[in-house]
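Good morning. I was asked to walk through one protein model, and I will keep to what can be read from its atoms.

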Amino acid sequence: AESLDIVARIEDTSLRISDAIFSASGTHVVTRPLRGSFVCCWETETGEETHRVRSPSGRLQLVAHTQQEVVFINATEAGIHVYDLQSGEVALEKPGRFDSIDFQAASDRVIACSFQPQLVDAAPRRPGAPAYRLRRLTRFDWNTWEESDVVAMEGYSVGSVRCTKKSGRVIAREQSYGLARCDVESLELLADTPAHGAPITYAEITPDGSQLVTASLDGTVVIWDAESFAKKTEFSLHADPIVSATLHTDGKHFASADSDGVVIVWNLETGEDVATLRGLKGPIRGCSFSAFAARIVAYARDGSWKVWQLTSGDPEELTLPQSRLRVRLAQYQPGGSKLVLLPYPPRESEAESEDSGDETTTFERYSLLLVDENENAVELPHKYLPRVIRFTDSGNLLITVSGNLDIDDAETATFFDVATG
C-alpha cells in the first residue's frame with residue numbers, strides 16, 4: 001500500500017475477474033467473475049489459487065466478515081451464501097432476493113436491503129395471498145439468520161446499503177418513483193411526492209377529480225388526494241408486480257393485474273377487495289370493465305383472454321363463442337356492454353382444420369370483432385394491422401389507426417359507430 005509495488009498477480013485466462021476483496025486477515029483474496037460460474041479464493045502473497053466454488057445464479061456481491069475468514073456471497077437470484085475460506089465450503093444460509101448487503105462489525109450482523117418485493121413472515125390479509133413488503137432494511141444475526149431488526153422506508157425502496165467501520169451507522173441509498181403535478185401551460189412544477197419504490201405502471205384521476213389512483217411494479221395500489229398528494233389508502237394483496245390496471249367510469253371500482261396472471265377487483269370507497277380472478281398465465285396486458293362493472297375482461301401476453309361476471313357475488317367465468325381465439329387486445333366499451341377484440345390471424349394448420357363453420361373464425365386477416373351483450377359479433381375489417389385502438393370517452397365511437405409502415409403516407413384512421421358497427 002505504501003510503495004504500490006506489485007506483491008502478487010492473479011491471472012487465469014479462464015476467468016474474467018469483475019471484483020476482488022480481502023479476507024479479514026488479509027491473507028486471502030476472493031474474486032467474482034464478470035461472466036462465469038466460479039468464485040475463487042487466492043493466497044495474497046503468492047497469487048496461487050486455494051480453491052474455487054460454483055457461483056450462485058444472479059448478480060453477485062462479495063462482503064467480507066471483519067474478524068473471521070468468511071465471505072458472504074449475495075446472489076440476487078439465489079439468496080445469501082456463506083463462503084468459509086478455511087474449508088472451501090459454501091452454503092446457502094438465507095434464501096430470498098436481496099439487492100445489497102453489508103457486514104456491520106459493531107453488531108456482528110448482516111444488513112440487507114430489498115428493491116424487489118420480498119416475502120415476509122407476516123400473516124397474509126386473505127387466505128392464499130402472501131404478504132410482501134418492499135421498502136425495508138433488515139438486519140440478520142448471521143449465525144442463526146433470524147431477523148433482529150426491520151426498518152420500513154416509507155415511499156422509497158432501498159437500492160444499496162453500506163455500514164461504517166467504527167460508528168455503527170448505516171448508509172442507505174433510497175430510490176423512489178414519484179408523482180408530480182405541473183401547470184398545463186407553463187409546465188411549472190406545482191407539487192411532487194415520493195410514491196412507489198418501483199416504476200409506476202398506472203395512474204388515473206377519478207372522474208370527480210378528487211383522487212388519484214396509482215399502481216406499481218412494487219405490487220401496491222395507492223389512492224392519493226389529487227390536490228395535496230397526501231396518501232389516503234394503500235392496498236397490497238398482489239404477490240407479483242402490477243403490470244396493468246383499469247378504473248371504472250363510476251370511480252368506485254378498480255382492477256389491478258399482475259405479472260402472474262392474477263386480477264384483483266377493488267372497491268375504492270370501502271377499501272375492500274371484491275374479487276380475485278385467476279385463470280390466465282403470465283403478464284396481463286390489459287383489463288377493462290363493462291357497464292355498471294357487471295363484467296371484466298383481461299388478456300395476457302400469450303394471447304389468452306377471459307371474461308368474468310361480477311354481479312353474482314361469486315365471480316363467474318364466462319365462455320363466449322369467441323373465447324378460443326388468441327387476441328392482441330380485448331377491451332370493453334367505456335360505460336357500455338360491447339367488447340372489442342383484435343384476434344391474431346389463425347395459424348395455417350388451424351385454418352385448414354377448421355370445419356365447424358363458425359363465422360367468428362372467417363374474419364379478414366386484420367379484423368376487429370365487436371361483440372355485443374348477446375355474444376353476437378360484427379366484423380370491422382382492416383387491410384393492415386391496427387396499431388392504435390381507442391374508444392372516445394363517451395364510448396360511442398371506436399377509432400383505429402392502421403397502415404403499412406413500409407409505405408409513406410399509407411396510414412389510415414377509421415371511425416366506427418359502436419352501435420351499428
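I will go from the whole chain to its aromatic rings, then to its cores, and end with one loop residue.

What you see is a predicted model. The average pLDDT of the protein is 82, and 85% of the residues score at least 70. Please keep two stretches in mind when you look at the picture. Over residues 116-134 the pLDDT stays under 50, and the model has 47 contacts for them beyond four places in sequence. Residues 348-363 are also below 50, and that stretch has 18 contacts beyond its near neighbours in sequence.

Now the overall make-up. There are 37 strands in the protein and 1 helix. Of the 421 residues, 44% are buried. Among contacts with a separation of 6 or more, 38% are between residues 24 or more positions apart. The accessible surface comes to about 21,900 Å², and carbon and sulfur atoms hold 46% of that.

Next, the rings. How many aromatic pairs does a search of the whole structure find? The search gives 7. Take F140 and W145: their ring centres are 5.9 Å apart and their planes stand at 50 degrees, so this pair is tilted. Stacked means under 30 degrees and edge-to-face means over 60, so an angle between those limits gets the word tilted. F140 and W145 are both buried.

A second pair, F235 and W266, is stacked, with 4.7 Å from centre to centre and 20 degrees between the planes. This pair links distant parts of the chain, since F235 sits in strand β22 (residues 231-235) and W266 in strand β25 (residues 263-267), 31 residues apart. Are these two buried or exposed? F235 has 2% relative accessibility, so it counts as buried. W266 has 0%, so W266 counts as buried too.

Back to F140 and W145 for a moment. Ring pairs join them with F72, F98, F103 and W142 into a cluster.

Rings can also have a charged residue over them. R52 lies over the face of F38, 5.2 Å from the ring centre. R181 lies over the face of F229, at 5.3 Å from the ring centre.

Now the nonpolar cores. The largest one has 25 residues, and W305, V307, L339, L341 and L398 have the most contacts inside it. Several strands give two or more residues to this core, among them β28 (295-300), β29 (305-309) and β32 (339-343). L398 is a good place to stop and look around. Outside four places in sequence, L398 touches ten residues you can find on screen, including V340, L368, I389, F391 and F416. Another core lies apart from this one; it has 16 residues, among them A275, L277, I284 and I296.

Last, the loop residue. Where does P283 lie? P283 is in the loop between β26 (272-277) and β27 (284-289). With 22% relative accessibility, P283 counts as partly exposed, because buried would need a value under 20%. In sequence P283 and V243 are 40 residues apart, while in space their C-alpha atoms are 7.0 Å apart. Leaving out neighbours within four places, P283 is in contact with V243, D258, S259, A300 and R301.

That is where I stop.

Note on methods:
Residues are numbered from 1 along each chain as its sequence is written. This is a predicted model: local features need pLDDT of at least 70, side-chain atom pairs count only at pLDDT 80 or more; totals for chains, interfaces and linings use all residues. Side-chain values use heavy atoms; hydrogens and water are left out. Rings of Phe, Tyr and Trp (its six-membered ring) pair if their centres lie within 6.5 Å; planes under 30 degrees apart count as stacked, over 60 as edge-to-face and the rest as tilted. Buried means under 20% relative accessible area, exposed over 50%, partly exposed in between (1.4 Å probe, protein chains only). Helices (H or I, at least four residues) and strands (E, at least two) are DSSP runs, numbered from the N terminus. A charge sits over a ring if NZ of Lys or CZ of Arg is within 6 Å of the ring centre and within 35 degrees of the ring normal. pLDDT is the predictor's confidence in each residue, from 0 to 100. Contact means heavy atoms within 4.5 Å. A nonpolar core is a set of buried Ala, Val, Leu, Ile, Met, Phe, Trp, Tyr and Cys residues joined through side-chain atoms within 4.5 Å. Accessible areas come from the Shrake-Rupley method with a 1.4 Å probe; for residues, only the protein chains shown count as cover.
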